[in-house]
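Visitor: I am new to reading protein models, and I would like a close look at a single part of one. Could you take me slowly through one helix and its surroundings, and then show me how the rest of the chain fits around that picture?

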Amino acid sequence: MALVDNNVLSSLAKIDRLELLPSVFETVETPPSVLGELDRAEADGYEFVTRIDAVKSYNDGWLRIAVPTEAELALADDIGDHALSSTDARCLAIASQRDDRLVTDDAHVGTRGQQRGVEIWDLVLLLQAAIHCDVIATTEELSTLVADLREEDGYRFSETDRNALFETVETDD
């Protein structure tokens with residue numbers, strides 16, 4: 001099971017590649033607080049949010065809503081800090097209590113998650129898993145995806161991460 005935060009959902013929605021998540025993970029969830037952030041983005045005119053709306057479980061999609069328990073909310077309050085939003089704290093608390101993976105590209109959230117024993121997946125790891133699952137099958141497809149992320153989301157992979165992704169495609173061929 002994987003709990004996905006706003007930044008990864010948004011990045012994949014902007015390039016219309018949300019299907020990578022259920023291709024890699026059997027169950028994909030996000031908390032209501034992430035949906036609240038996305039609702040605000042939609043109200044601000046960001047059209048990519050409609051792609052996320054379409055995959056929500058209550059719209060017959062695959063994205064489940066992970067409603068936090070009282071204990072998870074209390075834990076989120078305890079682990080919050082000045083650099084951690086309440087949404088990020090809730091993601092960490094839910095993933096920690098449910099022994100879920102947390103898919104995030106927020107370095108601070110990743111560090112805090114690792115300190116709590118949460119398995120953290122960033123976008124690079126997700127893409128490598130998608131390559132292993134043959135969802136991304138060619139270097140051309142990966143090149144297009146990387147270019148789309150840069151153009152649509154301003155996402156820039158480090159040279160090390162970029163090389164690792166392309167090596168993964170080449171060794172999986």
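Guide: Before we begin, one term has to be settled: a residue is called buried when its relative accessible area is under 20%, exposed when that area is over 50%, and partly exposed in between. Please also keep in mind that what you see is a predicted model. With that cut-off, buried residues make up 46% of the 173 residues in the protein chain.

The part I have chosen is helix 5, which covers residues 70-79, and in this helix the buried residues are Glu-72, Leu-75, Ala-76 and Ile-79. If you look down the axis of helix 5, these buried residues fall within an arc of 105°, so they line one face of the helix. Turn to the face that points away from this buried side, and you will find the exposed residues Glu-70, Asp-77 and Asp-78.

What do the buried residues of helix 5 pack against? Their partners are helix 6, residues 86-98, and helix 7, residues 107-115. Helix 7 deserves a look of its own, and there the buried residues are Val-109, Gly-110, Arg-112 and Gly-113. Around the axis they cover an arc of only 165°, which puts them on the same side of helix 7. On the other side of helix 7, Ala-107, Gln-114 and Gln-115 are exposed. The packing can also be read from this end, since the buried residues of helix 7 pack against helix 5 and helix 6, and also against strand 4 (101-103) and strand 5 (120-121).

Let us now step back to the whole chain, in which the secondary structure comes to ten helices and five strands. The radius of gyration of the protein chain is 16 Å, close to the 16 Å that the globule rule gives for 173 residues, so the chain is as compact as a globular protein of that length. Taken along the principal axes, the C-alpha atoms fill a box of roughly 45 × 35 × 30 Å. If you consider the contacts between residues at least 6 apart in sequence, 64% of them join residues at least 24 apart. The accessible surface of the chain comes to about 8600 Å², and carbon and sulfur atoms account for 43% of that surface. As for charges, the chain has 14 positive and 37 negative ones, and the mean positions of these two groups are 4 Å apart.

Some single residues elsewhere in the chain help to fill in the picture, and we can start with two that are buried. Ser-11 is found in helix 1, and its relative accessibility of 6% makes it count as buried. Leaving out residues up to four places away in sequence, Ser-11 touches Leu-149, Asp-153 and Tyr-155. Thr-168 belongs to helix 10, and at 8% relative accessibility this residue also counts as buried. With neighbours within four places in sequence set aside, Thr-168 is in contact with Gln-128, Ile-131 and His-132. Thr-168 and Thr-69 are 99 residues apart in sequence, and their C-alpha atoms lie 39 Å apart in space.

The loops offer further examples. Asn-59 lies in the loop between helix 4 (49-54) and strand 3 (63-65), and with a relative accessible area of 40% Asn-59 is partly exposed. Not counting residues up to four places away in sequence, Asn-59 touches Asp-53 and Ala-54. Ser-158 sits in the loop between helix 9 (139-153) and helix 10 (159-172), and at 36% relative accessibility Ser-158 counts as partly exposed.

Two loop residues remain, and their backbone angles call for a short remark: most residues other than glycine have a negative phi. Asp-16, in the loop between helix 1 (6-14) and helix 2 (20-24), has a phi near 55°, a positive value in a residue other than glycine. Asp-16 counts as exposed, at 51% relative accessibility. Asp-134, placed in the loop between helix 8 (123-132) and helix 9, has a phi near 60°, again a positive value in a residue other than glycine. With a relative accessible area of 54%, Asp-134 is exposed.

Conventions: Residues are numbered from 1 along each chain as its sequence is written. This is a predicted model: local features need pLDDT of at least 70, side-chain atom pairs count only at pLDDT 80 or more; totals for chains, interfaces and linings use all residues. Side-chain values use heavy atoms; hydrogens and water are left out. Buried means under 20% relative accessible area, exposed over 50%, partly exposed in between (1.4 Å probe, protein chains only). Helices (H or I, at least four residues) and strands (E, at least two) are DSSP runs, numbered from the N terminus. The arc is that of the directions from the helix axis to the C-beta atoms. Contact means heavy atoms within 4.5 Å. The radius of gyration is taken over C-alpha atoms; the globule rule is 2.2 Å times the number of residues to the power 0.38. Accessible areas come from the Shrake-Rupley method with a 1.4 Å probe; for residues, only the protein chains shown count as cover. Lys and Arg count as positive and Asp and Glu as negative; His and the chain ends are not counted. The place of a charge is taken as NZ of Lys, CZ of Arg, CG of Asp or CD of Glu.
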